[in-house]
Amino acid sequence: MEWKRHVSEQLKLRDRIQRQTFEEIVHQYNRLLEKSDLQAVLTERYQTDKYDVQRGHEAGSADSARSDLLQQEMAQMRIRHQEELTELHKKRGELAQSVIELNNQIQQKDREIQTNEARMLEYQQQISSLEGDCRELRNSLQELEQANQTLKDEYDALQITFSALEEKLRKTTEDNQELVSRWMAEKAQEANRLNAENEKDSRRRQAKLQKDLADAAKEPLPIEPDDDIEVLAEDGVKGAGETSPNRPMSKTLSRKPSQPPPGGLLDSISNIFGRRRSANSFSTSPEPTESPSGLCAEVRVPSTALHVFEAHDGEVNAVRFSPGSRLLATGGMDRRVKLWEVVAGRCEAKGALTGSNAGITSIEFDSAGSYLLAASNDFASRIWTVEDYRLRHTLTGHSGKVLSARFLLDNARIVSGSYDRTLKLWDLRSKVCMKTVFAGSSCNDIVCTEQCVMSGHFDKKVRFWDIRAESIVREIELMGRVTSLDLNHDRSELLTCSRDDLLKIIDLRTNAIRQTFSAQGFKCGADWTRVTFSPDGSYVAGGSAEGALYVWNVLTGKVDRTLDRNHNSAINSVSWSPSGAYVASVEKGSKAILWSDM
Amino acid sequence: MADDKDVLRDVWFGRIPTCFTLNPDEITEREAEPYYLLLPRVSYLPLVTDKVKKHFHKVMKAEDVEEMWFEYEGTPLKWHYPIGVLFDLHASNTVLPWSITVHFKSFPDRDLLHCPSNSIIEAHFMSSIKEADALKHKSQVVNDMQKKDHKQLWMGLQNDKFDQFWAMNRKLMEYPTEEGGFRYIPFRIYQALSERLFIQKLFRPVSPEGNTHTLGDLLKEMYPDALTNDGEQKRYQVLIHGIEPLLETPLQWLSEHLSHPDNFLHICAIPVPTD
């Protein structure tokens with residue numbers, strides 16, 4: 001690059017000529033100029049000083065004017081310079097001040113900015129947390145709404161079901177009412193039919209009897225003095241019974257007056273004439289096959305179970321031998337009274353008496369053995385004829401379970417004791433309740449003598465009632481709830497069983513407790529556990545809650561025998577046959593056992 | 001690109017020895033000594049003559065002082081020309097130092113512009129730069145610069161800071177490589193003894209055929225009288241920054257390296273001295 005080199009050379013040349021040659025000289029010249037200026041100033045100052053001094057010595061020097069002038073000028077210049085200096089200082093101070101102020105302001109602004117930024121950060125954090133909360137709240141709100149919706153739906157569904165069910169209920173109630181009314185109608189019809197039949201029957205018998213009587217009145221017949229009225233199972237022996245009423249009446253009147261059964265017979269016969277009573281076999285002619293009750297001689301303490309059999313479906317509550325000892329009646333919770341024939345050491349089922357609507361609580365035969373009275377849990381007592389198992393009467397009126405019902409000695413009246421704390425006296429002719437006595441406590445068992453009715457109660461008392469006076473003659477309090485009462489054959493002693501697991505014999509003449517029986521394992525199983533005298537009054541038998549049959553000797557007061565191997569559950573009731581040969585016991589577990597000593 | 005650093009430095013630090021003498025007609029209190037100073041070629045008179053003013057104010061009364069103006073051999077010196085241009089044009093081959101007369105009164109309003117403060121000089125300087133860039137880059141580069149960059153250019157010139165100035169000026173000397181050079185070369189050709197102030201026209205650094213234009217091409221185009229034909233004697237000197245570059249010097253290179261700080265290539269054509 002020729003030209004470039006040329007340019008460089010030319011520039012260097014130029015500088016050499018124009019600059020370097022003069023640089024030093026100009027610099028030195030200027031320095032000299034400064035020095036001379038300074039010298040000039042100094043000279044002037046010295047001159048003024050000199051003039052001052054001179055003026056001090058010489059007054060009125062011609063030069064003084066000029067020096068004064070010079071002095072003045074100098075002074076003025078100095079003053080001017082001073083002023084400039086002070087002004088510059090002042091300005092500098094002001095500027096410094098303003099700088100400081102501005103700095104402060106800047107710092108302040110910085111601080112403000114920082115605080116603002118910090119606050120903004122805070123706000124942002126708050127915002128984000130609030131947003132989070134808001135989101136959560138919205139979520140929970142959604143969930144709640146959904147739950148609410150589902151609840152509403154469920155409620156609606158339930159409402160629909162409810163209304164449907166209401167409808168069903170209404171319809172079912174209507175149906176029920178209809179059925180009940182139809183059933184009532186049927187029952188009424190059946191009752192009417194039964195009544196009509198009964199009427200027919202009674203009319204027929206009446207007619208027949210009239211005819212027989214008429215026949216019998218024509219011919220005399222031999223009479224046996226020791227006749228007792230027995231219940232006959234068949235129709236045939238009516239003729240024989242006709243004549244006896246007069247004879248036995250006189251006979252019996254001469255005998256012990258305390259034996260009213262013949263009187264009862266008379267009553268019943270007169271009842272026939274007076275009323276259209278349907279009496280099948282009238283307890284007129286004696287049956288030699290049946291031994292009379294009450295004078296049984298051969299009481300045998302049982303030792304073995306002759307026959308164990310299932311008596312009922314369910315609990316068996318009551319058991320009773322018929323007065324002739326040939327029949328055994330058991331009553332249970334299956335609402336039936338079953339009749340068994342005791343034959344050759346076994347009980348053969350004969351039949352069942354139906355009509356009760358609830359479990360049977362007690363059974364009694366009338367003194368002739370032709371009627372059976374059973375008390376039931378359906379608040380009523382019923383009477384059947386034994387021979388044809390037909391329900392004859394239903395005695396309603398109690399407002400609670402009837403726990404015991406007994407024929408009064410004249411067999412024309414019945415006394416019943418009930419859970420409703422009353423005793424009712426019924427007249428069989430009118431089939432109406434004649435009297436109602438408030439006993440104050442639920443009556444568990446009743447026995448009757450000619451004048452007196454004795455009832456055992458829940459409140460541990462035995463109450464003695466006068467029949468005619470309808471009032472309490474006496475009260476005996478025992479130690480436990482009275483569950484059972486029994487009289488001995490001559491009605492001089494009363495046997496009580498109570499929940500304190502004690503059997504007591506009370507002498508009725510002295511009203512004192514003559515004997516107390518207890519045994520180790522004997523516990524009263526229920527409020528209706530029945531105990532019994534032996535027919536001759538020398539033994540007492542009762543069943544315990546563990547299923548053991550205890551026989552006590554009355555004279556010794558000790559346990560004569562314990563039979564505990566045959567019953568599996570609590571023994572509810574015991575009955576001794578009037579013949580003395582058999583004992584029957586029934587248990588909670590539907591079994592009945594026939595005992596004897598063979 | 002302008003990376004012949006030495007050339008740039010030499011151009012920047014060029015100095016002219018000057019002697020300032022107070023006009024004898026000025027009312028002085030005592031005799032004023034002349035003031036000597038090395039003036040920078042690339043700067044402007046009012047920018048560098050504060051000391052001169054102070055020096056001469058010392059001997060004058062305040063009420064007699066008006067705006068200072070300079071004059072050389074009767075010609076008022078235009079302050080808005082760079083000092084180097086003034087020297088090359090008026091006193092190139094004379095005896096150094098350059099003697100300038102200082103006046104404080106009778107300001108020639110017809111010939112000179114007033115310069116009350118440095119901001120006027122700055123405005124003039126910046127407008128020259130913008131004009132130059134308009135020619136070179138369609139003003140893109142100078143418009144992309146920020147205000148502080150413009151300020152840096154001015155401060156660099158004012159305080160005589162080569163690095164500070166050229167840090168910014170580099171950008172003005174760049175051109176896209178595919179172009180081969182600036183769009184147009186910013187130049188002014190000054191003629192002595194002419195009614196016309198200067199020649200300034202559009203001239204490309206590269207010919208349409210792709211040849212780089214040289215100084216000779218420019219002169220041939222703009223001022224053919226300056227060129228010497230074969231066989232003739234040289235009649236004119238073509239001075240840039242006080243030197244005569246060869247005519248085959250590429251114009252683009254000249255514009256990059258030998259421009260004044262105002263980005264113009266100031267070319268003086270003066271008659272050859274006869275002595």
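## A tour of one interface and two empty spaces

In the largest cavity, the lining residues divide into seven nonpolar, one polar and four charged. Keep in mind as you explore that this is a predicted model.

**Stop 1: the largest cavity.** Select A:Val415, A:Leu423, A:Lys424, A:Leu425, A:Lys435, A:Val437, A:Val453, A:Trp465, A:Asp466, A:Ile467, A:Glu470 and A:Ser471, and you will have the lining on screen. The space inside has a volume of about 140 Å³. Now colour three strands of chain A: E12 (422–427), E13 (432–438) and E16 (461–466), the elements that each give two or more residues to this lining. Which element supplies the largest share of the lining? It is E12(A), with three residues. In total, the model has four cavities of 30 Å³ or more.

**Stop 2: where the chains meet.** Next, show chain A and chain B in two colours. Here 21 residues of chain A are in contact with 32 residues of chain B. The size of an interface is often given as the accessible area lost when the parts come together. Between chain A and chain B, the buried area is about 2,400 Å², and carbon and sulfur atoms give 64% of it. Select A:Trp3, A:Arg14 and A:Gln18: these supply 26% of the area that chain A buries against chain B, more than any other three residues.

**Stop 3: a salt bridge.** How many salt bridges are there between chain A and chain B? The count is three. To see one of them, pick A:Asp37 and B:Lys58, whose side chains meet at 2.4 Å, N to O. Between the two chains there are also 10 residue pairs in polar contact, counting pairs with both residues at pLDDT 80 or more. On the side of chain A that touches chain B, you will find eight nonpolar, five polar and eight charged residues.

**Stop 4: the second largest pocket.** Keep B:Lys58 selected and add A:Val41, A:Met77, A:His81 and B:Arg30; of the 35 residues that line the second largest pocket, these five are the closest to its centre. About 1,400 Å³ of space lies in this pocket. Then highlight helix H1 (2–57) and helix H2 (62–218) of chain A, along with helix H3 (50–57) of chain B, since each supplies at least two lining residues. The largest share, 12 residues, comes from H1(A). Finally, colour the lining by class: 11 residues are nonpolar, seven are polar and 17 are charged.

Conventions: Residues numbered from 1 in each chain as written. Chains lettered and ligands numbered in written order. Predicted model: local features only at pLDDT ≥ 70, side-chain atom pairs only at ≥ 80, totals over all residues. Heavy atoms only, no water. Contact = heavy atoms within 4.5 Å. Buried area = accessible area lost by both parts, 1.4 Å probe. Salt bridge = Lys/Arg side-chain N within 4 Å of Asp/Glu carboxyl O. Polar contact = N/O pair within 3.5 Å; in protein donor to acceptor, adjacent residues only side chain to side chain. Nonpolar A, V, L, I, M, F, W, Y, C, P; charged D, E, K, R; others polar. 1 Å grid on protein atoms, 1.4 Å probe; cavity = no way out; pocket = protein on both sides within 12 Å on 5 of 7 lines; lining within 4 Å. Points joined across faces, edges and corners; volume = space filled by probe spheres on them. Helix = DSSP H or I, 4+ residues; strand = E, 2+ residues; numbered from the N terminus.
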